[in-house]
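Please open the model in a viewer and keep the selection tool at hand. The tour proceeds by stops, each with a selection and a description of what is found there.

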Amino acid sequence: MAKDYYGILGVSREATDDEIKRAYRKLARQYHPDVNPDPEAHNKFKEINAAYEVLSDDQKRQIVDLGGDPLAPGGGMPGGAGGAGPFVGFQDIMDAFFGTAAGGGSRGPRPRTRPGADAILRLELDLVETAFGVEAPITVDTAVLCTQCSGAGTAPGTHLATCEVCAGRGEVQSVQRTFLGQVVSSRPCQNCQGHGTVIPTPCPTCAGDGRIRTRRSLTVKIPAGVEDGMRIRLAQQGEVGPGGGTAGDLYVEIHERPHDVYSRKGDDLHCRVTLPMTAAALGTRMTIKTLDGEENIEVKPGTQPASTLRIRGKGVPHLRGQGRGELFVHLDVKTPTKLTADQERMLREFAKTRGEDVAELSKQGGFFSRMRDAFNGH
């Protein structure tokens, strides 16, 4: 009689893959020999692992749903002990009739040479470097072509050999009994992993992989105007594929370091400058340092706190197209917190000349009273 794998994990026959995984993890933690010293826990733990192995595999679970046991000799199907091979699922039958694999692709030897994966590298740059561009040296740690075997994977003087098990077909066939009768099914050859060839003497440098890992130096050209988070693609500078396959791409991700003066928003730059109260009132000229060098700017008399000056064309160059962003200078007017007796006297005299006697503001008829009257409609 076939085992009740669903019952072992405590799930229904309609359980989803996630429900099966959660049930397995819960029971595995409960009965793991390192956690549960009970001698019976070891056998229970093995049972749980076997149940998860079956129910997490679509083909094996299909056998269970049809009343079989994929871990038993003959597939555990009725009549399986009568000399028939393991029960095969629906996909095996489809493969036998149509000669296709699970994904609909044709059978046959798998190529040893496969494309490589992409790689990504983080590169930190200063604001000046991202603004105007730079040729930056980088160090890359990736798989490269094995120079000793040139990707073949074989030791010098040796060659690939045809697999004796599958005779170079990359797959083996077996005749199995199903409810439709005898079916011829194909599976990738385990001896050559479906390649149809084996490596009798692997390359001692790459152990037959056709590639080795190494650290190399490159120079990447950063265009002017790149922003934080952008990626620059270097074609075929990534990982070389198995068997010396075409290398993937290398992506260099830009990370802009914070600047001690400027903040960046797109192609515009922003900075803050503190002005004395007298300079804002009287106007002044000052020199600031831009990305290009020093720049003289004029502060007009009567400039108010939180005013902003715009300097055209002194921001970051546009990445695509002509021109540059703007530079915005935000002005903070500083009011003195401590005054000498003479300074206070002169400031009060100045206020009187403007009709702004601060000593009278709190009295009836002063500034706040006039403002209150204005709100009350008087």
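The stops below cover a cysteine cluster, two nonpolar cores, a polar contact and a sheet.

This is a predicted model, in which local features need pLDDT of at least 70 and side-chain atom pairs count only at pLDDT 80 or more, while totals for chains, interfaces and linings use all residues. Residues are numbered from 1 along each chain as its sequence is written, and side-chain values use heavy atoms, with hydrogens and water left out.

**Stop 1: the annotated cysteines**

Select C163, C166, C189 and C192, where an unreviewed UniProt entry places the feature "binding site". UniProt positions are given here in the numbering of this model, feature names are shortened, and annotations may be inferred rather than shown by experiment. The four positions are spread over 30 residues of sequence, yet they cluster in space, with a largest C-alpha distance of 9.0 Å.

Centre the view on C166, in the loop between β3 (161-162) and β4 (171-178). Strands (E, at least two residues) and helices (H or I, at least four) are DSSP runs, numbered from the N terminus. C166 has a relative accessible area of 0% and is therefore buried; buried means under 20% relative accessible area, exposed over 50%, and partly exposed in between (1.4 Å probe, protein chains only). Leaving aside neighbours within four places in sequence, C166 is in contact (heavy atoms within 4.5 Å) with E171, V172, C189, C192 and G196.

Move next to C189, in the loop between β5 (181-188) and β6 (197-198). C189 is also buried, at 1% relative accessible area. Not counting residues up to four places away in sequence, C189 touches C163, V165, C166, G170, E171, V172 and G194.

**Stop 2: the largest nonpolar core**

Select Y262, L269, M286, I288, L327, V329 and L331, which touch the most other members of the 18-residue largest nonpolar core. Such a core is a set of buried Ala, Val, Leu, Ile, Met, Phe, Trp, Tyr and Cys residues joined through side-chain atoms within 4.5 Å. Two or more residues each come from α6 (127-132), β11 (268-276), β12 (284-289), β13 (294-299) and β15 (327-334). The largest share, 4 residues, belongs to β11. Apart from this core lies another, of 17 residues, among them Y6, A15, I20 and A51.

Which residues surround M286, leaving aside its neighbours within four places in sequence? M286 is in contact with V273, L275, E295, N296, I297, V299 and L331.

**Stop 3: D268**

Select D268 in strand β11. Is D268 buried or partly exposed? At 24% relative accessibility, D268 counts as partly exposed. Beyond four places in sequence, D268 is in contact with S263, G325, E326 and F328. A polar atom of the D268 side chain lies 2.8 Å from the backbone nitrogen of E326.

**Stop 4: a three-stranded sheet**

Finally, display the open sheet of 3 strands in the order β1-β9-β8, with mixed pairing; strands pair if DSSP finds at least two bridges between them. β1 (119-125) and β8 (231-234) are the edge strands, each pairing on one side only. β1 and β9 (residues 250-256) run parallel and are joined by 7 bridges, and A119 has L250 as its bridge partner in β9.

Select E253 in β9, which is buried at 17% relative accessible area. Leaving aside neighbours within four places in sequence, E253 is in contact with I120, L121, R122, L123, G229, M230 and R231.

Methods. A polar contact is a pair of N or O atoms within 3.5 Å; within protein, one must be able to donate a hydrogen and the other to accept it, and residues adjacent in sequence count only if both atoms are side-chain atoms.
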